[in-house]
Amino acid sequence: MDKMWAGRFSKALDKEADDFNSSIHFDCKMYRQDIKGSIAHATMLAACNIISQSDSETIIKGLESILTDLDNGNLAFDFDAEDIHMFVEAELTKRIGDIGKRLHTARSRNDQVALDIRLFMRDEANEIIALIKKLLAAILVQAEANKETILPGYTHLQRAQPIMFAHHLCAYAMMFIRDIGRIEDAVKRMNFSPLGSCALAGTTYETDREMTAKLLDFDGITLNSIDGVSDRDFCVELMSAFALVMTHLSRFSEEVILWSSWEFKFVELDDSYTTGSSIMPQKKNPDMAELVRGKTGRVYGDLMAMLTILKGIPLAYNKDMQEDKEAIFDSSETVKKCLSVFAPMIETMSVRKDKMYAAAGEGFINATDLADYLVKKGQPFRSAYKTVGQIVGKCVAEGKTLETLTLPEYKEFDSLFEEDLYAEIDLRNCAEKRISAGGTSVASIETQIEYIKKFI
């Protein structure tokens with residue numbers, strides 16, 4: 001295929017250099033966005049009397065036919081083309097003749113690719129938001145079923161206080177809700193059309209950039225043509241938001257991996273989301289969760305690659321910026337794949353309420369409630385804290401729990417203890433007494449669940 005820019009050159013590009021320079025192998029993903037942008041551009045050119053209405057209609061019909069053929073598989077990409085823009089333009093000219101050459105009037109590949117990637121990432125962001133909402137729905141399924149399921153809450157991976165399992169799950173829901181907010185914020189800043197910035201300085205034609213922006217559902221136009229073609233801040237913002245999504249998925253994955261181990265056995269993952277061992281027939285491995293945890297590093301790497309690409313390039317467009325696509329495409333695709341498998345994995349996992357409750361019964365996780373009991377009887381908290389610490393020490397030494405220690409033994413430490421202390425340290429009561437807003441009581445959990453439902 002002849003290069004569109006071949007007029008200046010006396011010899012062909014070296015084959016290896018041509019392959020190295022080409023981006024069609026990966027930017028072909030943007031063919032829908034490229035054609036959509038070209039249709040808007042052709043519409044505007046006719047409206048501004050830069051090309052005839054007849055030529056515009058011919059161009060648009062040609063573009064629509066290319067889109068249809070690519071969608072249904074009747075047209076294959078020509079990987080000898082330099083990029084998706086050149087492929088579409090060459091195919092258009094092949095179909096409608098020289099009229100197709102008028103399409104590139106008053107634009108450059110620089111503003112064209114800046115447009116395409118914004119359109120593409122807007123679509124990707126919307127897909128990812130929808131997938132996160134599916135995960136929130138899966139979390140809700142488990143939360144609704146486990147509003148009164150007791151398990152130990154942890155700090156430092158040490159048993160700390162009794163909580164409801166639904167409360168723990170809702171914590172992840174709040175993270176994913178913030179993730180959606182970050183993605184939406186990034187899209188708002190991205191949603192301005194660079195089309196018409198041309199190579200970097202604008203054009204001598206009297207174009208209507210606002211028209212193409214409106215046709216493509218942008219909120220307006222980029223106000224500086226140099227910035228319009230060279231800005232990739234929106235890629236960094238989106239990839240940062242995607243990296244945080246993966247951070248939260250990875251933390252959740254780590255807990256699922258721990259919970260499904262024999263040491264915890266709090267949950268059992270459905271067979272559909274686990275694998276076995278080649279030599280150990282008893283194994284049921286949480287491979288999906290482990291892969292999500294592993295792929296988090298990949299998305300972090302994509303973000304660092306993007307930042308590194310941008311950090312040293314002068315204005316305006318430089319070929320370095322061709323490297324943005326593989327990183328941003330991989331980032332969004334990885335997040336989508338992880339979310340697609342994670343949501344049903346959570347929704348279908350079985351919760352071992354008995355194991356959770358048994359674990360909550362060990363580790364003295366009601367010790368704070370015992371201290372609060374003394375505070376309610378008039379002791380300063382620090383004094384109560386010390387007394388309970390001594391009681392725990394006795395229990396550890398004698399192999400007892402706070403529940404099995406007798407009232408006379410309690411009174412050895414403080415005469416304020418009465419029979420009602422046992423109700424105070426009952427695990428279910430301990431959790432249900434956390435009545436402060438955002439706490440682990442059932443009423444608070446129901447408020448959280450209602451918030452998540454409304455958000456979805």
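# Questions on a predicted chain

Biologist: Is L157 buried or exposed in the model?
Modeller: This is a predicted model. L157 has a relative accessible area of 55%. The cut-off for exposed is over 50%, so L157 counts as exposed.

Biologist: Where is L157 found, and what is its phi?
Modeller: L157 sits in the loop between β1 and β2 (158–164). L157 is not a glycine, yet its phi is positive. The value is about 60°.

Biologist: C198 has a positive phi too. Is C198 buried or exposed?
Modeller: C198 lies in the loop between α7 and α8. Its phi is near 60°, in a residue other than glycine. The relative accessibility of C198 is 8%. Buried means under 20%, so C198 is buried.

Biologist: S193 is found in the loop between α7 and α8 (209–215). What is the relative accessibility of S193?
Modeller: S193 touches L115, R209, A213, F218, G220, I221 and T222, leaving aside residues up to four places away in sequence. S193 counts as buried. Its relative accessibility is 0%.

Biologist: Which peptide bond is cis, with omega near 5°?
Modeller: Look at the loop between α11 (287–310) and α12 (324–348), where A316 is found. The cis bond leads into A316. It runs from L315 to A316.

Biologist: How many helices and strands does the protein chain have?
Modeller: Helices are numbered from the N terminus. K453, for one, lies in α19. The secondary structure comes to 19 helices and four strands.

Biologist: What is the radius of gyration of the protein chain?
Modeller: The globule rule gives 23 Å for 456 residues. The chain is well over that, so it is more spread out than a compact globule. Its C-alpha atoms fill a box of roughly 100 × 55 × 40 Å along the principal axes. The radius of gyration is 31 Å.

Biologist: What percentage of contacts in the protein chain with a separation of 6 or more comes from residues 24 or more positions apart?
Modeller: Buried residues make up 50% of the 456 residues. The contact count takes separations of 6 or more. Residues 24 or more positions apart account for 76%.

Biologist: How much of the accessible surface belongs to carbon and sulfur atoms?
Modeller: The accessible surface of the protein chain comes to about 21600 Å². The share of carbon and sulfur atoms is 53%.

Biologist: How far apart are the centres of the positive and negative side chains?
Modeller: The chain has 54 positive side chains and 71 negative ones. The centres of the two sets lie apart by 2 Å.

Biologist: How many salt bridges does the structure hold?
Modeller: Side chains of opposite charge can pair when their charged atoms come close. The cut-off here is a nitrogen within 4 Å of a carboxyl oxygen. The total of salt bridges is 36.

Biologist: Which residue forms a salt bridge with K453?
Modeller: The closest N and O atoms of this pair are 2.7 Å apart. K453 in helix α19 (residues 442–455) is linked to a residue in helix α6 (residues 109–145), 309 residues apart. K453 is partly exposed at 40%, and its partner is partly exposed at 31%. That partner is E144.

Biologist: Which residue forms a salt bridge with K147?
Modeller: K147 is in the loop between α6 and β1 (150–155). The partner is in helix α19, 299 residues apart from K147. Its relative accessibility is 38%, so it counts as partly exposed. With the closest N and O atoms 3.4 Å apart, the partner is E446.

Biologist: How far apart are the closest N and O atoms of R189 and E237?
Modeller: R189 lies in helix α7 (residues 165–190) and E237 in helix α10 (residues 233–259), 48 residues apart. E237 is partly exposed, with a relative accessible area of 28%. The closest N and O atoms of this salt bridge are apart by 2.7 Å.

Biologist: K394 is found in helix α15 (residues 381–398). Is K394 buried or exposed?
Modeller: Beyond four places in sequence, K394 touches L405, E409, E412 and F413. Its relative accessible area is 17%. That is under the 20% cut-off, so K394 is buried.

Conventions
Residues are numbered from 1 along each chain as its sequence is written. This is a predicted model: local features need pLDDT of at least 70, side-chain atom pairs count only at pLDDT 80 or more; totals for chains, interfaces and linings use all residues. Side-chain values use heavy atoms; hydrogens and water are left out. A salt bridge is a side-chain nitrogen of Lys or Arg within 4 Å of a carboxyl oxygen of Asp or Glu. Helices (H or I, at least four residues) and strands (E, at least two) are DSSP runs, numbered from the N terminus. Buried means under 20% relative accessible area, exposed over 50%, partly exposed in between (1.4 Å probe, protein chains only). The radius of gyration is taken over C-alpha atoms; the globule rule is 2.2 Å times the number of residues to the power 0.38. Contact means heavy atoms within 4.5 Å. Accessible areas come from the Shrake-Rupley method with a 1.4 Å probe; for residues, only the protein chains shown count as cover. Lys and Arg count as positive and Asp and Glu as negative; His and the chain ends are not counted. The place of a charge is taken as NZ of Lys, CZ of Arg, CG of Asp or CD of Glu.
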